[in-house]
Every structure is written in structure tokens, then in C-alpha cells.
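Thanks for coming. I will walk through one model this morning, starting with the whole chain and then moving to a few charged side chains and a helix.

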Amino acid sequence: NISNTGAANAPKGSDPIQAMVVDDSAIVRGLISRMLNSDPDITVVASVANGEMAISSLKRTPVDVVILDIEMPVMDGLTALPLLLEIDKDLKVLMASTLTNRNADISIRALTMGAADYVPKPTSSREIGGKGDFQRELLEKVKTLGDARRKRAGRVKVEATTGKTPFKSAMPSSSDIKLRAPGRTRPSVLAIGSSTGGPQALFKVLGGLPKDFQLPIVITQHMPPTFTSILSEHIEKASKRPCNEGKDGTVIAPGSIYIAPGDYHMTVEKDGANKVLRLNQGPKENFCRPAVDPMLRSMSQAYGPNILTVILTGMGSDGTKGGQTIVDNGGTLIAQDEESSVVWGMPGSVATAGLCSVVVPIDDIASKIVSFASRGIL
């Protein structure tokens with residue numbers, strides 16, 4: 001049931017990203033393979049029906065990115081994941097699952113085990129067969145993850161030739177980081193924006209904060225519905241503090257964590273002495289809803305200079321425009337460094353735009369947050 005599907009529909013560039021599709025449905029494998037092969041920067045070199053076959057194929061044919069289904073006979077995706085990473089530790093694995101609570105939970109567990117990202121499978125054949133959001137997201141993630149892998153390995157980056165994906169394939173460069181002085185006021189709130197690789201990063205940062213850390217934490221992580229509610233449960237366990245999806249009208253409380261629910265922008269507004277969460281389904285920003293920019297714009301208005309913002313791993317540049325508003329109003333920004341990011345898109349964008357006061361590895365971010373919140377020092 002292995003098939004090599006390198007014969008592409010589009011003329012390929014000189015060094016396309018090599019992909020493997022792993023799904024027990026031959027129809028889904030065929031559809032995903034055709035979508036990927038329609039892009040000149042990607043070639044599907046293997047298409048297999050279960051995890052065991054994926055392992056066997058990877059031993060013979062190296063690839064850059066694996067699209068890995070969760071539920072399969074013989075060997076499921078969660079069992080196969082660590083075995084694939086054992087063969088190639090730099091392999092980028094994109095989990096694919098339908099939007100159920102169980103699959104969202106498994107996908108987030110897979111991220112903690114080394115998967116780079118996930119893509120929610122469409123529920124209808126019309127969605128998966130058409131050139132809609134699923135195809136855009138799939139191509140964008142495969143190309144970005146493939147580029148990140150090649151950059152890390154020191155191989156020449158594949159240039160996007162289609163111009164069809166919303167995010168540029170080229171990543172920012174660490175050599176272009178421009179730092180600024182931190183704000184002069186202590187924060188009364190912590191805002192965090194993240195995307196690809198974000199759940200793993202959030203668990204590390206929030207799990208590293210001390211018990212007596214009392215600033216409220218407001219988070220936008222690019223995720224669909226269902227996934228965000230499961231993510232909040234995992235964050236609560238990792239951080240040992242209350243974490244919930246934001247609800248419209250919730251008064252922000254010290255020591256609590258609020259995460260933007262899938263498909264809603266989450267903003268903050270003043271209500272007398274209180275700060276209150278607001279949800280809306282306004283237009284997507286940076287192709288995302290929830291997006292980081294509207295959250296940061298509103299929080300800057302509500303908190304003025306008393307805001308510390310952290311931009312974690314993720315593709316694209318969401319958070320840069322909002323981050324500009326934060327620093328213009330006297331707030332302070334921290335970004336995750338390139339080496340510890342799954343994709344250095346969002347943090348790279350704010351770092352090279354001159355918005356950050358420090359750019360540090362993920363392991364150092366919690367201590368920087370505590371230092372600035374307690375002593376005003378980064």
C-alpha cells in the first residue's frame with residue numbers, strides 16, 4: 001500500500017520540500033498528495049496507510065515533512081511519532097486530525113512529544129476537495145516547516161515561487177535583531193502571542209512561573225475551536241493556576257490565565273475599575289481568528305504602559321503591528337529566540353522590527369518575566 005507520488009502536477013523547483021502523507025484512507029491520501037503536489041515547492045515522495053509503513057518508508061527515503069494521521073490501524077499516529085523522530089530527530093511532523101475533543105487532546109499530547117504542528121482535517125469532502133482554507137493552511141505549514149528544517153540543517157532555503165501563500169517563505173534572520181530599552185513602568189498584566197510550536201512553548205513558560213506570580217495572563221494562540229478548550233486544560237495542569245477559554249464579559253482576575261477561543265478574536269476593555277474580556281468574530285487578521293494583533297491593540301488601550309508582552313514561536317508576523325502599539329504606549333516586549341523556536345516567524349518579525357527589549361531562549365523567558373514584573377529589570 002506504499003506509493004511513491006513524486007510525479008507532480010506542477011513543474012518543480014530545483015530542490016522542492018520532500019513530503020510523506022500517512023493516512024489509512026486512500027481517498028484522503030490521494031487528495032492531500034494532489035494538493036501538495038500542486039505547489040512547485042513541494043513533492044510528495046511517499047504515501048502510506050499506517051505508522052508502521054511510515055517508519056519503513058522513512059528508513060529508505062528521507063523526507064522533510066510528514067503529514068501524520070492520528071487514528072490508523074496497525075500503528076496509529078501517536079505510537080509512530082516518537083519512532084519517526086528516533087530515525088530523524090529534525091523531521092517536521094504535522095499531525096492531521098478531525099475536530100473532536102479526543103483528537104484535539106491527542107494532537108496536543110503529540111505536540112508535547114515532538115510534533116511540530118497540527119492541521120485540522122475538513123469534515124466534508126467538499127472542503128477537502130476544494131481550494132479553500134484547508135489547502136492554504138496545509139501548503140503554508142508544509143512549506144514553512146520544510147524551510148525551518150532546511151535552515152536548521154544549513155541547507156539552502158526553498159524560495160516560494162507561487163506567491164499564493166499569505167506568509168512569505170523567507171524567515172527573518174537573527175543577525176538583524178534590533179533591541180530597544182524596556183518600558184519604565186512595572187506591568188500589571190502579561191500578554192502572550194503564539195502559533196506554530198506554541199503549545200509546547202506555553203507549557204514551558206507558564207510552568208516555569210513561581211506560585212506567587214499574580215499577574216493575570218491573556219493569551220492568543222492560533223488554534224481552531226475545540227483545540228483551544230483542550231489547550232486550556234493542559235495549560236492549567238502545566239502551570240498549576242486557573243486557565244480558561246475567554247468568555248465575553250469576564251472580569252480579568254489576578255493569578256488567572258485566559259486563552260482566546262478558536263474562531264474568536266479576544267480583546268480587553270476597561271469597565272470602571274475593572275478590565276473585561278470581549279469576544280468578536282470580526283474579520284480575520286493575518287489570516288487568523290483569533291489573532292494576536294487585535295488583542296495587543298486593545299490591551300495597550302486598556303493598560304497603557306503597564307503591559308509586558310511575550311511573542312513565542314509561530315509562522316507569519318501576527319503580533320508585530322500590535323507590538324508596535326504596545327511599545328509606542330510605553331509597554332515592553334520579549335521574544336523567543338530563533339534557535340529554540342519551531343518557526344521563527346512571529347518572534348523574528350518583532351525582533352527584527354526593533355520592538356523587543358530582549359530576545360532569549362524559551363528556557364529563559366519565565367525568569368525574564370518574573371524579573372521585569374518584580375524589579376523592572378530584564
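Accessible areas here come from the Shrake-Rupley method with a 1.4 Å probe. On that basis, the accessible surface of the protein chain is about 15,000 Å², and carbon and sulfur atoms account for 50% of it. Keep in mind that this is a predicted model.

The chain has 378 residues, and 57% of them are buried. It contains twelve helices and 14 strands. If you take contacts between residues at least 6 apart in sequence, 74% of them join residues at least 24 apart.

Now the salt bridges. The count comes to 20, and I will show three pairs and one network.

The first pair on my list is Asp-23 with Lys-121, where the closest N and O atoms are 2.8 Å apart. Asp-23 sits in the loop between β1 (17-22) and α1 (26-37), and Lys-121 in the loop between β5 (117-120) and α5 (125-129), so this salt bridge ties together parts that are 98 residues apart in sequence. Asp-23 and Lys-121 are both buried.

Next is Asp-117 with Lys-141, a salt bridge at 3.3 Å, N to O. Asp-117 belongs to strand β5 and Lys-141 to helix α6 (residues 133-152), so to speak two distant parts of the chain, 24 residues apart. Here too, Asp-117 and Lys-141 are buried.

Then Arg-289 and Asp-263, whose side chains meet in a salt bridge at 2.9 Å, N to O. Arg-289 is in the loop between β11 (274-280) and α9, while Asp-263 is in the loop between β9 (257-259) and β10 (265-271), so the pair ties together parts 26 residues apart in sequence. How exposed is this pair? Arg-289 counts as partly exposed, because its relative accessibility is 21%, and buried would require under 20%. Asp-263 is also partly exposed, with a relative accessible area of 28%.

As for the network, Asp-15, Asp-64, Asp-88, Arg-149 and Arg-150 are joined by salt bridges that share partners.

Now a charged residue without such a partner. Asp-293 is in helix α9 (residues 292-303). Asp-293 is buried but has no salt bridge. Which side chain of opposite charge is nearest to Asp-293? That is Arg-297, at 5.1 Å, and a salt bridge needs the nitrogen within 4 Å of the carboxyl oxygen. What the side chain of Asp-293 does have is a polar contact with the side chain of Asn-286, at 3.1 Å. Leaving out residues up to four places away in sequence, Asp-293 touches Glu-285, Asn-286, Asp-318, Gly-319, Thr-320, Lys-321 and Gly-322.

Last, helix α3, residues 77-87. Its buried residues are Gly-77, Leu-78, Ala-80, Leu-81, Leu-84 and Leu-85. Why do these residues lie on the same side of α3? Because they cover an arc of only 150° around the axis. What do the buried residues of α3 pack against? Their neighbours are α2 (51-60), β3 (65-69), β4 (92-97) and α4 (101-112). At the start of α3, a side-chain oxygen of Asp-76 comes to within 3.3 Å of the backbone nitrogen of Leu-78.

That is what I have; I will take questions.

Definitions and conventions. Residues numbered from 1 in each chain as written. Predicted model: local features only at pLDDT ≥ 70, side-chain atom pairs only at ≥ 80, totals over all residues. Heavy atoms only, no water. Buried < 20%, exposed > 50% of the residue type's maximum accessible area, 1.4 Å probe, protein only. Helix = DSSP H or I, 4+ residues; strand = E, 2+ residues; numbered from the N terminus. Arc of directions from axis to C-beta. Contact = heavy atoms within 4.5 Å. Polar contact = N/O pair within 3.5 Å; in protein donor to acceptor, adjacent residues only side chain to side chain. Lys, Arg positive; Asp, Glu negative; His and termini not counted.
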